[in-house]
Structures are given as C-alpha cells and as structure tokens.
Amino acid sequence: MLARPAPNNTPLVTPAAAPPGAPPAVASAPAARKQADQPASPGSSPVIHPRWLRLTHWLNALAVVVMIMSGWRIYNAAPFFDFTFPNGITLGGWLGGALQWHFAGMWLLFANGLLYLALNVATGRLWRKFLPVSPGGVVRDLLAALRGRLSHADPRRYNQVQRLAYLFVMADIAVLILSGLVLWKSVQFDLLRDLMGGYEAARRVHFFAMALLAGFVAMHLAMVALVPRSLLTMIRGK
C-alpha cells in the first residue's frame, strides 16, 4: 500500500545535508565513551576532600607541629644522645612551658586524630583511599616515581606509596600517644611501661616515633612542592 502524502499544513522537516567529507551525525560507541570519561569543567568538578576531612587534617597538622617543636625542647632538657636541637626551632622557652605546649598538642592530636579515624572508617573512605596495598604495587609505584613517570593527574586516587605512607603515619601516631602516656603517667600506666621495656626505653621509643613523624612531614611537604594542586584541593576541597 502506498503511504498517504502529508497534509499541506504539516511542515516537512528534512535533515540538513552534511558537507562533503563531514563525519556522520551519530558518533561511534568508543567515541561516546571517551567523551563521557572526560573530566567535568572546573565549575562542576566534584568535591575531592570533604569539609570534615580538611578540618581534621589541618588540626592534625597544627597538633603535630606543636608536639614536635615542644618535644625538641623537652629533649634538650635531658638529652640521651650527643646532640641537642637549636633553641630557635623549639617551642616553650623552658622545660615547664614546653611541657604545657606538649600536653596541649597531645590532647588535640588524640581527640582530633580519633575523630579523623572514626570518620574515615564510618564513611568507608579508609578502605577506598588507603587499600589495597601490596609489596609489588609499592615497589612498582616507587620505581615509577623515581623515574618521574608516576601520574598525578587524578588527585582523588592515591598511589600505593602514598597509601603505605598514610597508613604508616597513623600507626606511628598511635605509638607516639602510647609511649607518651608512659612518659606522662608512668606509675598509672605501669603495664604499658613494662611492655615498652621501662621508662627509659619508652623515652627512646617516643623519640624515634617523633623522628619518623618529622620525616613524614618533610616528605609530605616535598611532595606538595612537586604537586601544588594537592595543597589547593586540601584548602578548597576540589
């Protein structure tokens, strides 16, 4: 049967003729997927670091700086190595003042660090951001970083070296707090003191844990200098 012609009052819409050599109007499936995978415009970019994470991160950073600088002054009062720290990079002015600063930083780090860890676990961020970690993956990403071939295009994704470093610093801070409790209340935390080998051994555990934390901070600042965008995302969130 022949189709009925359209009424005169119904406009006929015909597709515009493509110029010679133009690609077809419908894109192929791979091209469509590639276009969908492209990052959104800066104005609509998703939040990389939520507000609670940025707040707890900067409070942790403040507490760590206070504890390290005041801890150096406390160490200078009774050093167990053949060196002391220059007074210009210590905090507190004297032993009593340094202890007050140290205790203030300790309680801030304890409370804020506990909140940081709880929120990471509750939101599932701990598993998404810091796991999995494997020896092979760490070696691969470390070699790529040393060769300058490690990509930092996606700040939402941590490479395995970063994951290991963040997990390590969480454990290191826990050791700092536990050994600090022994130094603060040795009699009350006698079991913890004995597990660490005594008061003097706890002093050394605390010192080396502090040194490792200071090394992490130095490495962290070096990475921020190499990838300034990471600092912006921790300030703006995206």
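This report walks through the fold, the aromatic rings, a helix contact and a few single residues of one protein chain.

## The overall picture

Let's start with the basics. The model you're looking at is predicted. The chain has nine helices and zero strands, so its pattern along the sequence reads α-α-α-α-α-α-α-α-α. There are 238 residues in the chain, and 30% of them are buried.

How much of the contact network joins residues 24 or more positions apart? Take the contacts in the chain with a separation of 6 or more: residues 24 or more positions apart account for 65% of them. As for the outside, the accessible surface comes to about 15900 Å². Carbon and sulfur atoms own 69% of that surface.

## Rings that pair up

Now for the aromatic side chains. The chain holds 20 aromatic pairs. One of them is Y75 with F85: the ring centres are 5.5 Å apart and the planes sit at 70 degrees, so this pair is edge-to-face. Y75 belongs to helix 2 (residues 51-77), while F85 is in the loop between helix 2 and helix 3 (95-122), so the pair ties together parts that are ten residues apart in sequence. Are these two residues buried or exposed? Both Y75 and F85 are buried.

Another pair is Y166 with F216. Here the centres are 6.1 Å apart and the planes are at 70 degrees, so this pair is edge-to-face too. Y166 comes from helix 6 (residues 160-184) and F216 from helix 8 (residues 199-226), so the pair ties together parts that are 50 residues apart in sequence. Y166 and F216 are both buried. If you wonder which numbers to look at, a pair of aromatic rings is described by the distance of the centres and the angle of the planes.

## A cluster, and charges over rings

Which residues do ring pairs link into a cluster? They are W72, Y75, F80, F81, F83, F85, F207 and F208. You've already met two of these names, Y75 and F85, as an edge-to-face pair.

F80, which is part of that cluster, also has a charge over its ring. The charged end of R204 sits there, 4.5 Å from the ring centre. Elsewhere, K129 lies over the face of Y158, at 5.6 Å from the centre of that ring.

## Where helix 5 meets helix 6

Next, pick out helix 5 (residues 135-146) and helix 6. Their axes are 7 Å apart, and the two helices pack at an angle of about 115 degrees. Helix 5 brings G137, V138, R140, D141 and L142 to the contact, and helix 6 brings Q160, V161 and L164. Sorted by class, that makes four nonpolar, two polar and two charged residues.

Q160 deserves a second look. This residue is in helix 6 and is buried, with a relative accessible area of 10%. What does Q160 touch, leaving aside its neighbours within four places in sequence? Its contacts are P132, V133, S134, G137, V138, R140 and D141. Q160 and K129 are 31 residues apart in sequence, and their C-alpha atoms are 9.7 Å apart in space.

## A cis bond in the loop

One of the contacts of Q160 is P132, and P132 has its own story. It lies in the loop between helix 4 (125-130) and helix 5. The peptide bond joining L131 and P132 is cis, with omega at about 0 degrees. For background, most peptide bonds are trans.

## Two more residues to find

Look for G237 in the segment after helix 9 (229-236). G237 is buried, because its relative accessible area is 1% and the cut-off for buried is under 20%. Not counting residues up to four places away in sequence, G237 touches V47, I48, H49, R54 and L232. G237 and V47 are 190 residues apart in sequence, yet 5.6 Å apart in space, C-alpha to C-alpha.

Finally, find A201 in helix 8. Is A201 buried or exposed? A201 falls in between: it is partly exposed because its relative accessible area is 25%, and partly exposed covers the range between buried (under 20%) and exposed (over 50%). A201 and S179 are 22 residues apart in sequence and 9.4 Å apart in space, C-alpha to C-alpha.

Notes:
Residues numbered from 1 in each chain as written. Predicted model: local features only at pLDDT ≥ 70, side-chain atom pairs only at ≥ 80, totals over all residues. Heavy atoms only, no water. Helix = DSSP H or I, 4+ residues; strand = E, 2+ residues; numbered from the N terminus. Buried < 20%, exposed > 50% of the residue type's maximum accessible area, 1.4 Å probe, protein only. Contact = heavy atoms within 4.5 Å. Areas by Shrake-Rupley, 256 points an atom, 1.4 Å probe, with all protein chains shown as cover. Phe/Tyr/Trp six-rings, centres within 6.5 Å; stacked < 30°, edge-to-face > 60°. Lys NZ or Arg CZ within 6 Å of the ring centre and 35° of its normal. Axes fitted to C-alpha atoms, helices over the stretch in contact; angles between N-to-C directions. Nonpolar A, V, L, I, M, F, W, Y, C, P; charged D, E, K, R; others polar.
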